[in-house]
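Welcome! Let's take a friendly look at how this protein is divided and at its cysteines.

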Amino acid sequence: MGSIKCIGILTSGGDAPGMNAAVRAVTRAAIYNGLEVKAIYRGYKGLITDEIETFHTQNVSNIIQQGGTILKTARCKEFMTPEGRQLAYETLQKHGIEALVCIGGDGTLTGARIFASEFNFPIVGIPGTIDNDLFGTDNTIGYDTALNTIMEAVDKIRDTATSHERLFFIEVMGRDAGFLALNGAIATGCEAAIIPEIATENDQLGELIKNGFRKSKNSSIVLVAESPLTGGAMALAERVKNEYPQYDVRVTILGHIQRGGSPSAIDRILASRMGAASIDALLEGQRNVMIGIQNDELVYVPFSKAIKNDKPINRELLNTLRILSI
Ligand code: ATP
């Protein structure tokens, strides 16, 4: 493993603020350690279509503060087929790339895991997704920034909610995970969060209505994770309109503003640490691991664990939200 001379780097899946800071850190740490760096554009798609460029330190200048990803990102169906992955492997060989650093979410790491085992190819993953849904890491890159974006947006909506004495359902991202909804709700003093993790346990909207919306306040805001398990904010609002017409209900779907913007200090630092750690990992001979952070310590999490295990929601947070919304 000590013989790796050239690494490839890509970003894949949904973009997340801080991906650029990670690209910068991987590139600079690799060059610092005497490695050559090849940037792969558009995630796995660029591996198949051969969109590759050699990166030097100046290629990653002035990007630490930028949202999105300068490497672009894509969803690539072809990489899900053995034929597509064979083409990707041939591109890697053509460019002399001996190891990969893949930055992305659950799907990206699943693809990395399959590719690594098929071709016995060293890959290290970096968790870059606003959803914070990867097991084995306390935080993913982009999550903190997205949470802050949600906080600012909800604070603004609260002005209207209060002035008009309305009930607002605000939908936030999190297809399979309620981290953004739950922590966003705590950070903005919301009435409740409706999240996928407990969707099968109880009827969260029913409970909320049964207990009565906040009696001491003249408006209520509920954050809803966009997941099919919650039904989404529109469906919940329809249900309230039909069953409880006394409520003046409004819906806001925050959408893609949650993905954009300059990364927070926390995300920049996390991305820088994880990026540098990915090169240490490769030089130490690690493979098929995701860099994680647990109690502020960097750790290596096998792909199999990071992908397969559902990251549990902290029940204490649910209770805190419930207590503070009286
Ligand atoms: P986000 O959490 O932001 O959605 P993600 O990494 O989970 O990011 P996906 O679109 O799920 O985003 O996955 C990114 C890419 O990873 C896919 O477009 C595909 O190329 C690859 N990928 C995902 N699952 C597999 C799989 N089972 N086999 C091979 N490749 C896969």
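What follows covers the domains, the contact between them, and the cysteines.

This is a predicted model, in which local features need pLDDT of at least 70 and side-chain atom pairs count only at pLDDT 80 or more, while totals for chains, interfaces and linings use all residues. Residues are numbered from 1 along each chain as its sequence is written, and side-chain values use heavy atoms, with hydrogens and water left out.

The protein has domain 1 (6-141 + 263-308) and domain 2 (145-259), with bounds taken from an automatic or database domain assignment. Their C-alpha centres are 33 Å apart. To the contact (heavy atoms within 4.5 Å), domain 1 brings 11 residues and domain 2 brings 10 residues.

Here is the link between domain 1 and domain 2 in brief.

| Item | Value |
|---|---|
| Buried area between domain 1 and domain 2 | about 930 Å² |
| Carbon and sulfur part of that area | 50% |
| Residue pairs in polar contact (both at pLDDT 80 or more) | three pairs |

Buried area is the accessible area (1.4 Å probe) that two parts lose on being put together, summed over both. A polar contact is a pair of N or O atoms within 3.5 Å; within protein, one must be able to donate a hydrogen and the other to accept it, and residues adjacent in sequence count only if both atoms are side-chain atoms.

Why are there zero disulfides? A disulfide needs two cysteine sulfur atoms within 2.5 Å. The sulfur of C102 is too far for a bond, because the closest cysteine sulfur, in C76, is 12 Å away. C102 is buried (under 20% relative accessible area, 1.4 Å probe, protein chains only), at 0%.

Methods: Buried < 20%, exposed > 50% of the residue type's maximum accessible area, 1.4 Å probe, protein only.
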